[in-house]
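Trainee: Could you show me how to read pockets in a protein model? I'd like the general idea and then the case here.

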Amino acid sequence: MEPKHPFIRSCLRLPVEQTPLWLMRQAGRYLPEYRKLRAQAGDFMSLCQNPELATEITIQPIRRFDLDAAILFSDILVIPHAMGMGLHFVTGEGPILADPMRQSGDIDRLKVVDPNVELKYVMDAIAGITRELAGRVPLIGFSGSPWTVATYMVEGGSSKTFSRIKGMLYDQPKTLHKLLDRLVDSVADYLNAQIEAGVSTVQIFDSWGGALGPKEFREFSLNPMARIVERLHRTNSKGEKVPVILFAKGCGQMLEELADTGCDVLGLDWTTDLGEARKRVGDRVALQGNMDPTVLYAQPARIDAEVERLLTAFGSHPGHVFNLGHGMSPDMNPDHVTALVESVHGISRRIRGAS
């Protein structure tokens, strides 16, 4: 039986009457209702680890906007937190991980994670969200890629230079592979547990793949992601297909090789031309993206023009999920999201010839 939701249909390159869309970071700090809950909770991890609050935050943008998918409210660093690294967030600095991975022996101290034990709060949130959604839209689960998660684990937090992990890459490649192997196992288990818990799609975020050259990207990022894709459950307990999305920021030159992983959808950032990307991958995978998020600072008429440009570039072919080329920023106007959603649905119906 074919899926009915336009988002899933587009992920599987099936025809739709209008292009579906969701937005990376669609649940978050630009919404006043989120800021109110965050103030009550006190800190970010308290939100992530509370299934009721995570459910509410996931649903907030679905109530406000006519989006075609919800995405689980969580964080890519819950895996190293579950491994015992002591994640916390500092205002203005971002995530901080205690005892960063610097030597092979550091990796030996990491706990083996059972996602249904150490990350049970995520599975409980998925159960709550799917009950609340009641089939209205699909739920997207996610994880960071091994390379991206490893950057935080080695650096101890955010980095602009990636000096420690790239030093490890060149000086201690066996140690880095050891860490990546642990993360391949953990991410695959975690995403499969999310599928078992009820998500309809999973996305792997390779936020820092663009920090690598082509050779290093293939060895330290692409290969681990391909191993995960190979291990994922591609159907759920109901026999429904579960699409897999890869989003590798800054890696537009690697589209063909990313498509070779066996994923269903490739996410694009705004530095890759959408029409050219479609020609390059043909009907091998669907494409997701790729409006520059900063367009949302412009007025609705300019948002309309950019939406029309992107939808025209892709054409009436099946297999497009509209999204931003990265995520929402805290100071964006929710009214501009409303304008974006209406624009994507309306213009795509015209392009596709739907009434």
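Mentor: Start with helix 10, which gives the most to the lining of the second largest pocket: three residues. Helices here are DSSP runs (H or I, at least four residues) and strands are E runs of at least two, numbered from the N terminus. This is a predicted model, where local features need pLDDT of at least 70, side-chain atom pairs count only at pLDDT 80 or more, and totals for chains, interfaces and linings use all residues. Residues are numbered from 1 along each chain as its sequence is written, and side-chain values use heavy atoms, with hydrogens and water left out.

Trainee: What volume does the second largest pocket have?

Mentor: Rolling a probe the size of a water molecule over the atoms shows where empty space is left. On a 1 Å grid over the protein atoms alone, a pocket is an open set of points where a 1.4 Å probe fits, with protein on both sides within 12 Å along at least five of seven lines; lining residues have an atom within 4 Å of a point. Points are joined across faces, edges and corners, and the volume is the space filled by probe spheres set on them. Here that comes to about 770 Å³.

Trainee: Which residues are closest to its centre?

Mentor: H5, S200, N236, K238 and E240, out of 28 that line the second largest pocket.

Trainee: And what volume does the largest pocket have?

Mentor: About 1,400 Å³. Its lining has 39 residues, with R25, R29, F44, D75 and F89 nearest the centre. Helix 2 (32-41) and strand 2 (87-90) are among the elements that each supply at least two of the lining residues.
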